[in-house]
Amino acid sequence: MTDLYFEDFTVGRIFRSAGATLTEGMIVDFALTYDPQPFHIDGEAAKATPFGGLIASGFQTLALTFRLFAQTGALAAAGIGSGGLDELRWLRPVRPGDTLRMEAEVVEQKPSSSKPDRGSARLAYRTFNQHGEPVMTCFCHHLLKRRPA
């Protein structure tokens, strides 16, 4: 992918990622560090929950979603941070063996009024499992460098 800058994040543009598969070990390792609830760390205990088995932390799904987006290369040249997330929703459980992919659609683009070397873009993130079912959605505000003169 060629270097992208603020000007390339036009409304309607969609970025699509490759897939990544979560293993049971990855789910448990993440949860032990960041979200140690029984349905994330103990397969036997998880069977007694409404999920009926081990599931990934939603925070892991979010982190993996961002990694997949970063790996598209879209932010390599212009990314200078984020103003945050809005409307984060976890729509269905992510289980060991699930392969996730994501797409990010530019829904808003705005040049900075105070810093002419940058702008922001609001992207609608959608994460899907291997069956094409949505597992997570959110909006992310990216701060982006403008193309050098």
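## Helix α1 and its two sides

In helix α1, which spans residues 24–34, the residues Ile27, Val28, Phe30 and Ala31 are buried. Because these four cover an arc of only 165° around the axis, they fall on the same side of α1. The structure described here is a predicted model, and the statements about it should be read with that in mind.

The other side of α1 carries Asp29, Leu32 and Thr33, which are exposed. As for the partners of the buried residues of α1, they pack against α2 and α4, two helices that return below in the description of the largest pocket.

## Threonine 61 in helix α4

Helix α4, made up of residues 58–70, includes threonine 61. Is threonine 61 buried or exposed? With a relative accessibility of 2%, threonine 61 counts as buried, since the limit for a buried residue is under 20% relative accessible area.

Once the neighbours within four places in sequence are set aside, the residues in contact with threonine 61 are Ala56, Val94, Leu100, Val135 and Met136. One of these, Ala56, is also named among the residues closest to the centre of the largest pocket.

## The largest pocket

The largest pocket holds about 240 Å³ of space. Its lining consists of 17 residues, of which Ile55, Ala56, Ser57, Gly58 and Trp90 are the closest to the centre of the pocket.

Helices α2 (38–41) and α4 (58–70) each contribute at least two residues to this lining, and the largest share, three residues, is that of α4. In chemical terms, the lining of the largest pocket is made up of 10 nonpolar, five polar and two charged residues.

## Cysteines without a disulfide

How many disulfides does a search of the whole structure find? The search returns zero. For cysteine 138, the closest cysteine sulfur is that of cysteine 140, and the separation of 6.3 Å is too far for a bond. The sulfur of cysteine 140 likewise has its closest cysteine sulfur in cysteine 138, so that here too 6.3 Å is too far for a bond; a disulfide would need the two sulfur atoms within 2.5 Å.

Both cysteines can also be placed with respect to the surface. Cysteine 138 is buried, its relative accessible area being 3%, and cysteine 140, at 4% relative accessibility, counts as buried as well.

How values were computed:
Residues are numbered from 1 along each chain as its sequence is written. This is a predicted model: local features need pLDDT of at least 70, side-chain atom pairs count only at pLDDT 80 or more; totals for chains, interfaces and linings use all residues. Side-chain values use heavy atoms; hydrogens and water are left out. On a 1 Å grid over the protein atoms alone, a cavity is a set of points where a 1.4 Å probe fits but cannot get out, and a pocket is an open set with protein on both sides within 12 Å along at least five of seven lines; lining residues have an atom within 4 Å of a point. Grid points are joined across faces, edges and corners, and a volume is the space filled by probe spheres set on the points. Ala, Val, Leu, Ile, Met, Phe, Trp, Tyr, Cys and Pro count as nonpolar, Asp, Glu, Lys and Arg as charged, and the others, Gly among them, as polar. Buried means under 20% relative accessible area, exposed over 50%, partly exposed in between (1.4 Å probe, protein chains only). The arc is that of the directions from the helix axis to the C-beta atoms. Contact means heavy atoms within 4.5 Å.
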